[in-house]
Amino acid sequence: MFLNRIGRIWLFIGIAGIGIGLTSVILTEWLHLDPCHLCIFQRLLMLTAGAFALVAAGLIWRGANPLVPGALTMLTVLSGVAVAAHHSWIQAYPSETNSCVGSTPGPIESVIEWLGHQMPSLFLATGFCEDDGFRLLGLTLANLSLLLFLALTSATLWALLRSLQARST
């Protein structure tokens, strides 16, 4: 069995998501960056979206329906869009917003703290959300993350619609 066009799109989304997530780990080490809780959460969402998309590609390869992992991929990338947009807003208006580090950790911070203790090389948050010291082409890493999540959202929507069309024919 081989991957059809829709399966190759799911495979691309999966490889892109995992590749972007791993690239963020490499850049963090290489550039000596201090990622915040939202940075780490975006990394987690990107890796998770990639994993769901790879499951969708695997299901197509086996001749099964990819809609459940495809829908989970869409939910994950949309969550990534929301988190990256919020993070970009915090960086754009640091004096008007609260830091992502408060007196009482929220659910995101609690999950990231727990993951940081389990796998510090991937999930240890050591920075502040309002710090935007590193820029690429004038964009912060949160801005770049937002653009990448938007691109993956578009690809995921296309793949989901194609999967629905293939199922109905």
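**Exercise 1. How many helices and strands does the secondary structure of the protein chain come to?**

*Solution.* The model is a predicted one, in which local features need pLDDT of at least 70, side-chain atom pairs count only at pLDDT 80 or more, and totals for chains, interfaces and linings use all residues. Residues are numbered from 1 along each chain as its sequence is written, and side-chain values use heavy atoms, with hydrogens and water left out.

Helices (H or I, at least four residues) and strands (E, at least two) are DSSP runs, numbered from the N terminus. On that basis the protein chain has six helices and two strands, and along the sequence they follow the pattern α-α-α-α-α-β-β-α. The radius of gyration of the protein chain (taken over C-alpha atoms) is 17 Å, close to the 15 Å that the globule rule gives for 169 residues, so the chain is as compact as a globular protein of that length. The rule itself is 2.2 Å times the number of residues to the power 0.38.

**Exercise 2. Describe how helix 2 packs against helix 1 and against helix 3.**

*Solution.* Begin with helix 1 and helix 2, whose axes come within 7 Å and cross at roughly 155 degrees. Axes are lines fitted to C-alpha atoms, for helices over the stretch in contact, and angles run from 0 to 180 degrees between N-to-C directions. The crossing angle makes helix 1 roughly antiparallel to helix 2, a term for angles over 145 degrees. The contact of helix 1 with helix 2 has 17 nonpolar, seven polar and one charged residues. Here Ala, Val, Leu, Ile, Met, Phe, Trp, Tyr, Cys and Pro count as nonpolar, Asp, Glu, Lys and Arg as charged, and the others, Gly among them, as polar.

Turn next to helix 2 and helix 3, which pack at an angle of about 160 degrees with their axes 8 Å apart, and are therefore roughly antiparallel to each other. Their contact divides into 16 nonpolar, nine polar and no charged residues.

**Exercise 3. Which element gives the largest share of the lining of the largest pocket?**

*Solution.* A pocket is an open set of points on a 1 Å grid over the protein atoms alone, where a 1.4 Å probe fits, with protein on both sides within 12 Å along at least five of seven lines; lining residues have an atom within 4 Å of a point. The largest share, seven residues, comes from helix 6. By class, the lining divides into 18 nonpolar, 11 polar and four charged residues.

Terms used
Angles under 35 degrees count as roughly parallel, over 145 as roughly antiparallel, 65 to 115 as roughly perpendicular and the rest as oblique.
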